[in-house]
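Trainee: I would like a close look at a single part of this model, worked through slowly. Could you take me through one helix and then the surroundings that belong with it?

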Amino acid sequence: LHGNSSQLLLGSALAEIRTGNEDAARRFFERAVNTDRRHAHAWQAWAVMEMRAGNYAEAKTLFECGIQSCQNHGALWQAYGYMEAK
């Protein structure tokens, strides 16, 4: 259904979050970043979901992986800094 489109996989993950299905969202996020390691929005959205769920260690790991892959993505750095400041 989603093939190799990280954008479609990200959209599916975001839809799953809206319906409260974080486990399914995680599976879509993982597929999205594995399809395109440089998809900064997917890394950021996944990390923010984990942060909001209180999974700070996982969120930190995801932010750092995203930053390693997308070093110039300002919003990713900003969201990471926001979490670290809390």
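Mentor: What follows is a walk along one helix, then its neighbours, and finally a few separate residues. Please keep in mind from the outset that this is a predicted model.

Let us begin with helix α2, which runs over residues 22-35 and so has 14 residues. At 1.5 Å a residue the helix should span 20 Å, and its end C-alpha atoms are indeed 20 Å apart, which agrees. Which residues of α2 are buried? They are Ala24, Ala25, Phe28, Phe29, Ala32 and Val33. These residues cover an arc of only 165 degrees around the axis, and therefore they lie on the same side of α2. The spacing becomes easier to follow with a general rule in mind: an α-helix has 3.6 residues a turn, so residues three or four places apart point the same way. On the other side of α2 we find Asp23 and Arg27, which are exposed. As for what the buried side meets, the buried residues of α2 pack against α1, covering residues 6-18, and against α3, covering residues 40-52.

The partner α1 can be read in a similar manner. Helix α1 has 13 residues and reaches 18 Å from its first C-alpha to its last, close to the 18 Å expected at 1.5 Å a residue. Its buried residues are Ser6, Leu9, Leu10, Ser12 and Ala13, and because they cover an arc of only 160 degrees around the axis, they sit on the same side of α1. Gln7 and Arg18, on the other side of α1, are exposed. The buried residues of α1 pack against α2 and α3, and just after α1 comes glycine 20, which takes a positive phi of about 85 degrees.

We can now turn to the largest pocket, which holds about 150 Å³ of space. Its lining is made up of Leu14, Ile17, Arg18, Glu22, Ala45, Val48, Met49, Arg52 and Ala53. The elements that give two or more residues to this lining are α1 and α3, and the largest share, four residues, comes from α3. Arg18 therefore appears twice in our account, since it is exposed on α1 and also lines the largest pocket.

Helix α3 also holds glutamine 44, which counts as buried because its relative accessibility is 17%, below the 20% limit for that word. If we leave aside its neighbours within four places in sequence, glutamine 44 is in contact with Phe63, His73, Ala75, Leu76 and Ala79. Phenylalanine 63 appears again in a distance to glycine 81, since their C-alpha atoms, 18 residues apart along the chain, are separated by 9.6 Å. Glycine 81 is found in helix α5, residues 74-85, and it counts as partly exposed at 37% relative accessibility.

Finally, consider the cysteines. A search of the whole structure finds zero disulfides. Why is cysteine 65 not bonded to cysteine 70? The sulfur of cysteine 65 is 11 Å from that of cysteine 70, the closest cysteine sulfur, and this is too far for a bond. The surroundings of these residues can be described as well: cysteine 65 is partly exposed, with a relative accessible area of 25%, whereas cysteine 70 is buried, with a relative accessible area of 6%.

Notes
Residues are numbered from 1 along each chain as its sequence is written. This is a predicted model: local features need pLDDT of at least 70, side-chain atom pairs count only at pLDDT 80 or more; totals for chains, interfaces and linings use all residues. Side-chain values use heavy atoms; hydrogens and water are left out. The expected span of a helix is 1.5 Å times one less than its number of residues. Buried means under 20% relative accessible area, exposed over 50%, partly exposed in between (1.4 Å probe, protein chains only). The arc is that of the directions from the helix axis to the C-beta atoms. Contact means heavy atoms within 4.5 Å. A disulfide is a pair of cysteine sulfur atoms within 2.5 Å. On a 1 Å grid over the protein atoms alone, a cavity is a set of points where a 1.4 Å probe fits but cannot get out, and a pocket is an open set with protein on both sides within 12 Å along at least five of seven lines; lining residues have an atom within 4 Å of a point. Grid points are joined across faces, edges and corners, and a volume is the space filled by probe spheres set on the points.
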